[in-house]
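Student: I have just opened a structure that is new to me, and I would like to talk it through with someone. Could we go over it together?

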Amino acid sequence: MAKNDFAYEVDFPPYDECLAEGGFDSHYSMENAHWCLLGEIVSFEPFMRFRTIIRDKNGEKLVVAFYLDRDDNINPANFKVGHTLAIMNPQQRFFLDGTKGVRVEESHRVAVFPTSLKSLFGIGKSIVSDCGDRDDGKKMCHGCKKLGDTKDMMRCGACHYYYYCSKECQAKGWNELGHKQACKVVERANFKALVELDFDNHQGDFKFAVE
Ligand SMILES: [Zn+2]
Ligand SMILES: [Zn+2]
C-alpha cells in the first residue's frame with residue numbers, strides 16, 4: 001500500500017478548498033470521495049457543546065463544533081492545544097454568529113495526533129521518502145538511506161514502519177533523526193489508517209477508531 005502524502009492538497013486540502021455545505025465540487029461531491037482537513041488545536045472549550053478552534057496549513061483559524069448524539073462521545077482529554085486534529089470529509093460552514101468552520105456530527109470523523117501541525121507534516125514527508133513502498137520490494141534504512149532486503153534489516157518494533165540496517169542506524173534514527181518523538185504518532189492506529197487510506201477507492205465512510 002502506497003503511503004499518502006499530507007502535502008497533496010486534493011486529499012489534504014486547506015479549509016478554503018474543502019467542499020462548502022450545499023455546494024458542488026466535481027471531485028469532492030462524488031460518491032465515495034474522501035478528503036481530510038488537518039489543523040492544529042488553538043483552543044478547546046469542553047462546555048455544553050464541544051468546540052475547538054484549529055489553525056490549518058494556511059494559518060486560517062476556524063471553529064470545529066461538535067453536534068454529537070448522546071451515545072456518541074469524544075474524549076476531551078485528547079484535545080490538547082498544540083496537537084493536530086484530523087477531520088474526514090469536512091464541509092465549510094458559516095455559523096449563525098458569523099464565524100466559519102466545520103460541523104462534526106460523528107466522533108469517528110475526527111482523530112487527534114499528539115504533535116504540532118508542522119511536525120505532523122515533517123513526519124508525513126519522512127514516511128513518504130523513507131517508508132514508501134518500492135517496486136523492487138527493498139526497504140530503505142532510516143539511518144543511512146541504504147537499501148536492503150527485508151530479511152537483512154531490523155524494523156522499529158513500535159510503529160513497524162521504519163527499517164534499519166544496523167544497531168548504529170537505529171540509534172541514529174531514534175536520537176538524531178527524531179524517531180523517538182515521531183514514533184509516538186506513527187504507531188497510532190488512526191495515523192496509519194490515514195496514511196494508508198485509499199482516498200480514491202475506499203467505499204463508504206472512512207471511520208477513525210475511537211481513542
Ligand atoms: Zn543504515
Ligand atoms: Zn517507530
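Tutor: Gladly, and please keep in mind that this is a predicted model. We can begin with one residue, isoleucine 87, which is in contact with Cys36, Leu37, Val64, Val102, Val104, Arg109 and Val110, once its neighbours within four places in sequence are left aside.

Student: Okay, and which residues touch the most other members of the largest nonpolar core?

Tutor: Ile87 is one of them, together with Cys36, Leu38, Leu85, Ala86 and Val110, in a core that holds 46 residues. Strand β1, residues 36-46, supplies the largest share of this core, namely 5 residues.

Student: Where does this core lie with respect to the domains?

Tutor: It lies between domain 1 (15-116) and domain 2 (131-184), because both of them give residues to it. Those two domains come from the domain assignment of the protein, and their centres, taken over C-alpha atoms, are separated by 33 Å.

Student: Back to the strands, then: what is the order of the 7 strands in the open sheet?

Tutor: The order is β5-β6-β3-β2-β1-β4-β7, with mixed pairing. At the edges stand β5 (93-94) and β7 (110-113), and each has a single partner strand, so one side of each is left without a neighbour in the sheet.

Student: How many bridges join β1 to β2?

Tutor: There are 7 bridges between β1 and strand β2, which covers residues 50-56, and the two strands run antiparallel. As an example, glutamate 45 has arginine 51 in β2 as its bridge partner.

Student: Changing topic, how many helices are there in the protein?

Tutor: The protein has 4 helices, alongside 11 strands. In helix α3, residues 179-186, the buried residues are His179, Ala182 and Val186. Seen down the axis of α3, these buried residues fall within an arc of 65 degrees, so they line one face of the helix.

Student: Why would residues three or four places apart point the same way?

Tutor: An α-helix has 3.6 residues a turn, so residues with that spacing point the same way.

Student: And what covers the buried residues of α3?

Tutor: The cover includes α1 (117-130), α2 (167-176) and α4 (189-196).

Student: Last one, what about the overall size?

Tutor: The radius of gyration is 18 Å, which agrees with the value near 17 Å that a compact globule of 211 residues would have. Along the principal axes, the C-alpha atoms fill a box of roughly 60 × 35 × 35 Å, and 31% of the 211 residues count as buried.

Methods
Residues numbered from 1 in each chain as written. Chains lettered and ligands numbered in written order. Predicted model: local features only at pLDDT ≥ 70, side-chain atom pairs only at ≥ 80, totals over all residues. Core = buried A, V, L, I, M, F, W, Y, C linked by C-beta atoms within 7 Å. Buried ≥ 20, exposed ≤ 12 C-beta atoms within 10 Å, placed from the backbone. Domains from an automatic or database assignment. Contact = placed C-beta atoms within 7 Å. Pairing = 2+ DSSP bridges. Rg over C-alpha atoms; globule rule 2.2 N^0.38 Å. Arc of directions from axis to C-beta.
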